[in-house]
Amino acid sequence: MSDKQPWWESIDPSKLSEDARYRILKYLDEKYDHKKILEETGLSRVTLWRLLEKKSRVKPEYVKPLLKLLAQEEFEKVVSARNRLRSMGILREDGSVDYSLALEILAIAKDDEYLRKNWGCRPSPTDRGPHRALRGR
């Protein structure tokens, strides 16, 4: 069994903006019928209508079960980069970056085959840490 968790398990819907949560709900409502949304969330038809009409706030607990209905590419299309980074804990509530996490990402990215093939990025022979992770040619 794979250790890799589904992409949506790393998302914290409470860190998404109200607008991002609404856009996820609206997108899925257009993609699927109401029945699918109601089954996944346990909401009533009246509550779903109120959410779609923006008469009630889309709470994080409504969005969490819906994330698994989205492909990662759809999530990236519907939700802004800032909201995605915030929901993954890279961007803090005050807007500052979690630099230790960002450096870990760069350290992992330096070994990424896609970057090497398509962007010409490769580690330098003198590379001593994640701050030099994406040196170019």
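**Figure 1. Contacts that reach across the chain.** Among contacts between residues at least 6 apart in sequence, 59% join residues at least 24 apart. This is a predicted model, and its chain has eight helices and zero strands. Reading from the N terminus, you will meet the elements in the order α-α-α-α-α-α-α-α. The chain holds 137 residues, and buried ones make up 33% of them. About 9200 Å² of the chain is exposed, with carbon and sulfur atoms supplying 52% of that area.

**Figure 2. Helix α1 meets helix α3.** Two packed helices can be described by the angle between their axes and the distance between the axes. Here, the axes of α1 (residues 18–31) and α3 (residues 45–52) come within 10 Å and cross at roughly 115 degrees. The crossing of α1 past α3 is left-handed. Which residues in α1 meet α3? Look for Tyr22, Leu25, Lys26 and Asp29 in α1, which meet Leu48, Leu51 and Leu52 in α3. Sorted by class, this contact of α1 with α3 has five nonpolar residues, two charged residues and no polar ones.

**Figure 3. The two faces of helix α2.** Helix α2 covers residues 34–41, and Ile37, Leu38 and Thr41 are buried in this helix. Why are these residues on the same side of α2? They cover an arc of only 95 degrees around the axis, which puts them on the same side. A handy rule helps here: an α-helix has 3.6 residues a turn, so residues three or four places apart point the same way. The buried residues of α2 pack against α1, α3 and α4 (60–63). Now turn to the face pointing away from the buried side of α2, where you will find the exposed residues Lys35 and Glu39. Just after α2 comes Gly42, with a positive phi of about 75 degrees.

**Figure 4. A closer look at Leu38.** Leu38 is found in helix α2. Is Leu38 buried or exposed? Its relative accessible area is 18%, and buried means under 20%, so Leu38 is buried. Leaving aside residues up to four places away in sequence, Leu38 touches Leu43, Ser44, Arg45 and Leu48. Another residue to find in this view is Tyr62, which is 24 residues away from Leu38 in sequence. In space, the C-alpha atoms of Leu38 and Tyr62 are 9.9 Å apart.

**Figure 5. Lys35, on the exposed face of α2.** Lys35 has its place in helix α2. This lysine has a relative accessibility of 55%, and exposed means over 50%, so Lys35 counts as exposed. How far apart in space are Lys35 and Arg45, C-alpha to C-alpha? They are 8.8 Å apart, with their positions ten residues apart in sequence numbering.

**Figure 6. Lys54 and its positive phi.** Lys54 lies in the loop between α3 and α4. Most residues other than glycine have a negative phi. Lys54 has a positive value, with phi near 60 degrees, although this residue is not a glycine. Is Lys54 buried or exposed? With a relative accessibility of 55%, Lys54 counts as exposed.

Conventions
Residues numbered from 1 in each chain as written. Predicted model: local features only at pLDDT ≥ 70, side-chain atom pairs only at ≥ 80, totals over all residues. Heavy atoms only, no water. Axes fitted to C-alpha atoms, helices over the stretch in contact; angles between N-to-C directions. Helix = DSSP H or I, 4+ residues; strand = E, 2+ residues; numbered from the N terminus. Left-handed = near helix turned anticlockwise from the far one by under 90°. Contact = heavy atoms within 4.5 Å. Nonpolar A, V, L, I, M, F, W, Y, C, P; charged D, E, K, R; others polar. Buried < 20%, exposed > 50% of the residue type's maximum accessible area, 1.4 Å probe, protein only. Arc of directions from axis to C-beta. Areas by Shrake-Rupley, 256 points an atom, 1.4 Å probe, with all protein chains shown as cover.
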